[in-house]
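Work through the exercises below with the model open beside you. Try each task before you read its solution.

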Amino acid sequence: MSIIDDISKIKSNFKSDLDLLNLKKINSDDIKYKYLGRKGLVSNLYSLLSSVDNAEKPLVGKKINQLKLDISDKLNSLSKTRKLDTNKSLDLDYSLPGISYNPGSIHPLTLIIQEIKDIFNKIGFSNIYGSEVDTDYYNFEALNIPKHHPARDMQDTFYLNNHSLLRTHTSSSQVHFMENNNPPIRILSPGRVYRNEDISVRSYCLFHQIEGLYVDKNVSFSDLKGTLEYFAKQFFGPKTKIRFRPSYFPFTEPSAEMDVYWGLNSDSDYRITKGTGWLEILGCGMVNPQVFKSVDYDVKKWNGYAFGLGIERIAMLKYGIDDIRLLYDGNINFLGQFK
Ligand code: DAH
């Protein structure tokens, strides 16, 4: 039997297979496999081609190609009509509104942290992350807050056992970082902190801070002021006014708190600024040499500044949120507003 006979036999077989397909006695994948598969009938024809006379080869080759094309065209057009049929059987009502998907949103605290990181990263600060469970040493002692120091009362601590605790501030990550790295240092350390406080509109048992630390030679208080002024103008707008007030933190000397001028345009401005127009947003100061001593830095050679920002406060101001608990309730209606 010649290869030309084979071709016509395959053609007629294909036709009868299509009839079977119509009667649903065979499915189209099986047909495709039978004819067009790697070891299918058509591929087999190609392997027979080598035994054909050279003079006839072009003609026979063309016929096989045509057969292959016809079969795949037919199968493709069948699968298209079948898809339309399936849609029809779903009986769709095209006048109904579509299904909407909720793409989710980014938590306001995450948005604020990201914005602050961007601002400081532009001037060379890199991000580090400390751990939320830490020891008394890193959270207090190494930061010049010995046992029974009155400053411990400033922060009501969740102790886990005699020496482990939930960190009360991100300042603890300063110490870890300095233990493992040499100056110069320019870092930002965002994260959660915990304090055993009564839950109310204004306070929660956990919140977020961002710690900044800069250590180098000849760092001055005006470097600190310049950096924080740059931050305030980037974050709150170019006309933002700031002021520094002397304060006390055991790990900085001298220490200060920074206020931004919020204005007194509405009743709520009066309330949140206690009638002064000014709002405190961070604590800062020159790193106390005692802290450098606990990480074995040469205090004659190095000095630096540190600052700590409360994120919730800033988020509440920026978005006009009047209850801190909204930030932790996971209410989709509230969170969905922050795209
Ligand atoms: N750790 C302080 C707190 O939680 C905030 C702070 C104040 C951090 C002054 C600093 C700083 O780095 O210099 O209240």
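**Exercise 1. Backbone outliers**

In which loop is the place of His-148? Find its phi, then locate the cis peptide bonds.

Solution. Keep in mind that this is a predicted model.

Step 1. His-148 sits in the loop between helix 6 (136–139) and strand 3 (164–166).

Step 2. Read its phi. The angle is positive, about 70°, although His-148 is not a glycine. Most residues other than glycine have a negative phi, and most peptide bonds are trans.

Step 3. Turn to omega. Pro-183 and Pro-184 are joined by a cis peptide bond, with omega about 0°. Pro-184 belongs to the loop between helix 7 (172–180) and strand 4.

Step 4. Take the other listed case. From Glu-253 to Pro-254 the peptide bond is cis, and omega is near -5°. Pro-254 is placed in a strand, namely strand 7 (residues 252–261).

**Exercise 2. The sheet and its helices**

Work out the strand order of the open sheet of 7 strands. Then place helix 5 and helix 11 on the sheet.

Solution.

Step 1. The order is 1-4-5-9-8-7-6, and the pairing is mixed.

Step 2. Mark the edges. Strand 1 (126–127) and strand 6 (242–249) are the edge strands, each pairing on one side only.

Step 3. Look at one pair. Strand 5 and strand 9 run antiparallel, over 8 bridges. Asp-216 has Asn-303, in strand 9, as its bridge partner.

Step 4. Add helix 11 (residues 311–319). This helix packs on the sheet and touches strand 5, strand 8 and strand 9. Its direction makes about 55° with that of strand 9.

Step 5. Add helix 5 (residues 108–121). Helix 5 lies across strand 1, strand 4 (185–194), strand 5 and strand 9. Its angle to strand 4 is about 165°.

**Exercise 3. The ligand shell**

How many residues surround the ligand, and which are the closest? Describe the shell by class, then list polar contacts.

Solution.

Step 1. Count the shell. There are 16 residues around the ligand, and the closest are His-169, Ser-171, Arg-195, Gln-209 and Glu-211.

Step 2. Sort by class. The shell holds 5 nonpolar, 9 polar and 2 charged residues.

Step 3. Map the shell to strands. At least two of its residues come from each of strand 5 (206–216), strand 8 (278–287) and strand 9 (303–310).

Step 4. Apply the cut-off: N or O atoms within 3.5 Å. Arg-195 places a polar side-chain atom 2.8 Å from a ligand oxygen atom. For a polar side-chain atom of Gln-209, the distance to an oxygen atom of the ligand is 2.9 Å. Ala-306 uses the backbone instead: a polar atom there is 3.2 Å from a ligand oxygen atom.

Step 5. Check burial. On its own the ligand has 350 Å² of accessible area, and the protein covers 92% of that.

Technical notes. Residues are numbered from 1 along each chain as its sequence is written. This is a predicted model: local features need pLDDT of at least 70, side-chain atom pairs count only at pLDDT 80 or more; totals for chains, interfaces and linings use all residues. Side-chain values use heavy atoms; hydrogens and water are left out. A residue is near a molecule or strand if one of its heavy atoms lies within 4 Å of it. A polar contact is a pair of N or O atoms within 3.5 Å; within protein, one must be able to donate a hydrogen and the other to accept it, and residues adjacent in sequence count only if both atoms are side-chain atoms. Accessible areas come from the Shrake-Rupley method with a 1.4 Å probe; for residues, only the protein chains shown count as cover. Helices (H or I, at least four residues) and strands (E, at least two) are DSSP runs, numbered from the N terminus. Ala, Val, Leu, Ile, Met, Phe, Trp, Tyr, Cys and Pro count as nonpolar, Asp, Glu, Lys and Arg as charged, and the others, Gly among them, as polar. Two strands pair if DSSP finds at least two bridges between them. Contact means heavy atoms within 4.5 Å. Axes are lines fitted to C-alpha atoms, for helices over the stretch in contact, and angles run from 0 to 180 degrees between N-to-C directions.
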